[in-house]
Amino acid sequence: MKHLLLLGGGHAHVEVLRQIGANPLPGWRVTLLTREAQSPYSGMLPGVMAGLYRPEQALIDMAALCARCGVALLLDRATGIDPQRRLVRRAAGGDIAWDLLSIDTGATPETDRTPGAAEHALPLKPIDALLPRLGALAACRSIAVVGGGAAGFEVALALHRRAAVTLVAGGSGLLPGFPTKLRQRAARALAARGVALREGQDVVEVTAGRLHFAAGPPLEAEALVWATGAAAAPWLAETGLARDEKGFLRLDACLRAVGHDAIFAAGDVVSFPGGLPKAGVFAVRQGPVLAANLRAVAMGVAPRPHVPQRDYLRLLSLSDGRALGTRNGFVFGGRWVWWLKDRIDRRFMARYQR
Ligand SMILES: Cc1cc2nc3c(=O)[nH]c(=O)nc-3n(C[C@H](O)[C@H](O)[C@H](O)COP(=O)(O)OP(=O)(O)OC[C@H]3O[C@@H](n4cnc5c(N)ncnc54)[C@H](O)[C@@H]3O)c2cc1C
């Protein structure tokens, strides 16, 4: 039997697992090596923080999923890849040999660029480390959320009923890359709920309970939540695989690591030709292509290119039964948008939780 090793239980790999379960790969055994027994679905995390979902509604039980799909599960952390000898190194010790490897290990929080952030702020990722700390977060009277992107915005609104929340959107401002109309509606939503918005200056240093800026007084808060951009996991540097300037794995159009026909990857860990935002929706969309290409290569057939969509539906929960959305330049909002987001998220989870 040949061995397909799936590294990381991310959004693309849950679909690969489901498809292998529905249509096993003859002559191949499949293993999932991942860090968490419960894979979190980040789209529902702000809803968990707001008390709209129970934590288990936003978690995929990987043992149950693997058992249903006939895939062996190894709960451990990968610390290295040797592409030449076709080995993955495990934190628990020992190597795993593979004939075909697929990587969907996501990104890590970008705490390295700001001194003190790693020590004094609570990053949103990894989510498995965040979930046990939500109770303590809920007991805080003041919270500063650093990062004006979609995750920071949603989390600030999710927490505002429990604490006085400040959203620190920094130099790039609130929701960079979103249409102006949506940014204006988002700013109004924050103001209406009493969430203070601080824009214009990046945080230059973090100390216990304090965010420091290049000019002006520091911002104090009982809890500091770190929701800035995504960084590449440092261990990827030693794999020898081609990476972009930020350290993410370079792929060809078929989701293959550049120069390695037996290594595929998807999701936040990759640098796709032409560039893609670090958003779960891309990992989800890559799932079926990844599954098809792994099957093709396993069967000795050529893989097909992945053609990412040009624009995508972006939905932001306001944590009050409403949401904002945008697609192809149109901006919309209201209860029906939350209904749509909730429906999309629940349908995604139902595919893997059953
Ligand atoms: C609060 C929040 C809200 C968000 N909301 C949205 C949204 O509404 N829409 C959207 O499109 N995006 C959203 N995102 C972004 C989204 O989370 C990511 O783009 C998405 O999770 C990327 O999926 P992935 O499959 O690449 O990896 P991940 O979902 O990060 O999964 C990676 C998996 O690999 C495992 N792993 C990691 N390292 C190792 C290792 N060394 N060894 C073994 N296993 C490992 C992890 O345990 C995890 O199971 C949000 C992010 C946050 C933080």
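Modeller: Domain bounds come from an automatic or database domain assignment. On that basis the chain splits into domain 1 (2–107 + 232–298) and domain 2 (110–229). This is a predicted model, where local features need pLDDT of at least 70, side-chain atom pairs count only at pLDDT 80 or more, and totals for chains, interfaces and linings use all residues. Residues are numbered from 1 along each chain as its sequence is written, and side-chain values use heavy atoms, with hydrogens and water left out.

Colleague: Thanks! How do you know that domain 1 and domain 2 are in contact, and how many residues does each give?

Modeller: Contact means heavy atoms within 4.5 Å. The contact takes 13 residues from domain 1 and 14 from domain 2, while the C-alpha centres of the two domains lie 29 Å apart.

Colleague: What makes up the area that they bury between them?

Modeller: Buried area is the accessible area (1.4 Å probe) that two parts lose on being put together, summed over both. Here that comes to about 1,200 Å², with 72% of it on carbon and sulfur atoms. Leu 45, Pro 46 and Met 49 supply 48% of what domain 1 buries against domain 2, more than any other three residues. Helix α2 (residues 45–49) gives the most to that side of domain 1, with 4 residues; a helix here is a DSSP run of H or I with at least four residues, and a strand a run of E with at least two, numbered from the N terminus.

Colleague: Why is the pair Asp 320 and Arg 193 called a salt bridge?

Modeller: The rule asks for a side-chain nitrogen of Lys or Arg within 4 Å of a carboxyl oxygen of Asp or Glu. The closest N and O atoms of Asp 320 and Arg 193 are 2.4 Å apart, so the pair qualifies. Asp 320 lies in the loop between β23 (314–317) and β24 (323–327) and Arg 193 in the loop between α8 (180–192) and β14, so the pair ties together parts 127 residues apart in sequence. The whole structure has 13 salt bridges, but 0 cross the interface of domain 1 and domain 2.

Colleague: And how do you know that β12 and β18 pair?

Modeller: Two strands pair if DSSP finds at least two bridges between them. β12 (residues 142–146) and β18 (residues 223–226) run parallel and are joined by 4 bridges, so they count as paired.
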